[in-house]
Amino acid sequence: MAPLDALAYAVDPENGVDAEAAALNARYGDLDAHDAIAIAVESLFPGRIALVSSFSAESAVLLHLLSEVDPNVPVIFLDTGRLFAETLEYRTLLINRLGLTDVRTIMPAPGRVLENDPHRALWMTNPDLCCHIRKTEPLARALNGFDAWLTGRKRFQNALRSRLDLFEADGDRIKINPLAGWSAGDLKSYAAMHDLPEHPLVSKGYPSIGCVPCTSRVKPGEDQRAGRWRGLEKTECGIHTGLESDGSGI
Ligand code: SF4
């Protein structure tokens, strides 16, 4: 059996998405970020893959890598309705700079917001539900029709991500983490090498950026994400649930 035939057998959906992810890691797990994106976009999931980006502090690198492979791949951007104006401006800046042609801005369902958060204060009383209706539900809708999605999560970001594989099973989809093995220094070096613009809030003390009510400045010496949901137990938004996420690495 030729190698590609063997792979086709291994990734047979009949064997389940877990088996598919394992087979992909065995064959492609050592690819660098560019090549991983290229094989996913061009060979494994052509026309059936999207990138999900928060257009936040660390988003430019993955978006640049995608633009070098194919700037026409759909990019899903979740606008929770509570984002910083600077994030929306940064989205426009990166779209123009990188030539991305299919950035899809996804909003929460108005009825769900009206029903659950009529006074826009749900983040104070039930932030998990707030993230659910503003992030998780819209993303689930946006990913309909795709068999795989690209994220910007890195192993260095927290303990839960420390064993992140390049390919993961995510329900009935494959989730791909091309930057899994990158360090903070790698990201900075890449951004400098390609002269990528920085999110305007980074220089103002926000190394991790989400929604306005749930993001605060980080003091010197604090963890990079100490400003997210400060004072609350919450550290996850639910997008990668089952696993983890603060939403900053998508
Ligand atoms: S990060 Fe805060 S404001 Fe944004 S969706 Fe989650 S709880 Fe709501």
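# Notebook: cavity, pocket and sheet

I began with the second largest cavity, where helix H8 (residues 127-142) gives the largest share of the lining, namely five residues. I note at the outset that I am reading a predicted model.

**Entry on the cavities.** I looked up how many cavities of 30 Å³ or more the whole structure holds, and the search finds three. For the second largest of these cavities I wrote down a space of about 90 Å³. I then listed the residues around this space, and the second largest cavity turns out to be lined by Thr80, Arg82, Trp123, Pro127, Cys130, Cys131, Arg134, Lys135, Cys211, Pro213, Cys214 and Trp229. Sorted by class, this lining consists of eight nonpolar residues, one polar residue and three charged residues.

**Entry on the ligand.** Which cavity does the ligand take up? I found that the space taken by the ligand is the second largest cavity, so the next step was to look up its shell. The residues surrounding the ligand are Trp123, Pro127, Cys130, Cys131, Arg134, Lys135, Cys211, Cys214 and Trp229. Of the shell around the ligand, H8 provides the largest share, with five residues. By class I recorded seven nonpolar and two charged residues in this shell, with no polar residue in it.

**Entry on the largest pocket.** I turned next to the largest pocket, for which I noted a volume of about 420 Å³. This pocket is lined by 16 residues, and those closest to its centre are Ala57, Glu58, Lys188, Glu198 and Val202. I asked which helices each supply at least two residues of this lining, and wrote down helix H4 (59-69) and helix H9 (184-193). The largest share of the lining, five residues, belongs to H9. In terms of class, the lining of the largest pocket has 12 nonpolar residues, three charged residues and one polar residue.

**Entry on the sheet.** I then traced the strands, and found that six of them form an open sheet with mixed pairing, in the order S3-S2-S1-S4-S6-S5. Strand S3 (103-106) and strand S5 (167-170) stand at the edges with a single partner strand each, so one side of each has no neighbour in the sheet. On average, neighbouring strands of this sheet are turned by 30° against each other, with direction ignored.

**Entry on two strand pairs.** I looked at the pairing in two places, keeping in mind that strands of a sheet pair through backbone hydrogen bonds, either parallel or antiparallel. Strand S1 (residues 49-53) and strand S2 (residues 75-78) run parallel and are joined by three bridges, and I noted that serine 53 stands opposite phenylalanine 77 in S2. S5 and strand S6 (residues 173-176), by contrast, pair in the antiparallel sense over four bridges, and here glutamate 168 stands opposite lysine 175 in S6. Which residue takes a positive phi in the hairpin of S5 and S6? I found glycine 171, with a positive phi near 65°, in this hairpin that has two residues between the strands.

Conventions:
Residues numbered from 1 in each chain as written. Predicted model: local features only at pLDDT ≥ 70, side-chain atom pairs only at ≥ 80, totals over all residues. Heavy atoms only, no water. 1 Å grid on protein atoms, 1.4 Å probe; cavity = no way out; pocket = protein on both sides within 12 Å on 5 of 7 lines; lining within 4 Å. Points joined across faces, edges and corners; volume = space filled by probe spheres on them. Nonpolar A, V, L, I, M, F, W, Y, C, P; charged D, E, K, R; others polar. Near = heavy atom within 4 Å. Sits in = over half its atoms within 2 Å of the grid points. Pairing = 2+ DSSP bridges. Axes fitted to C-alpha atoms, helices over the stretch in contact; angles between N-to-C directions.
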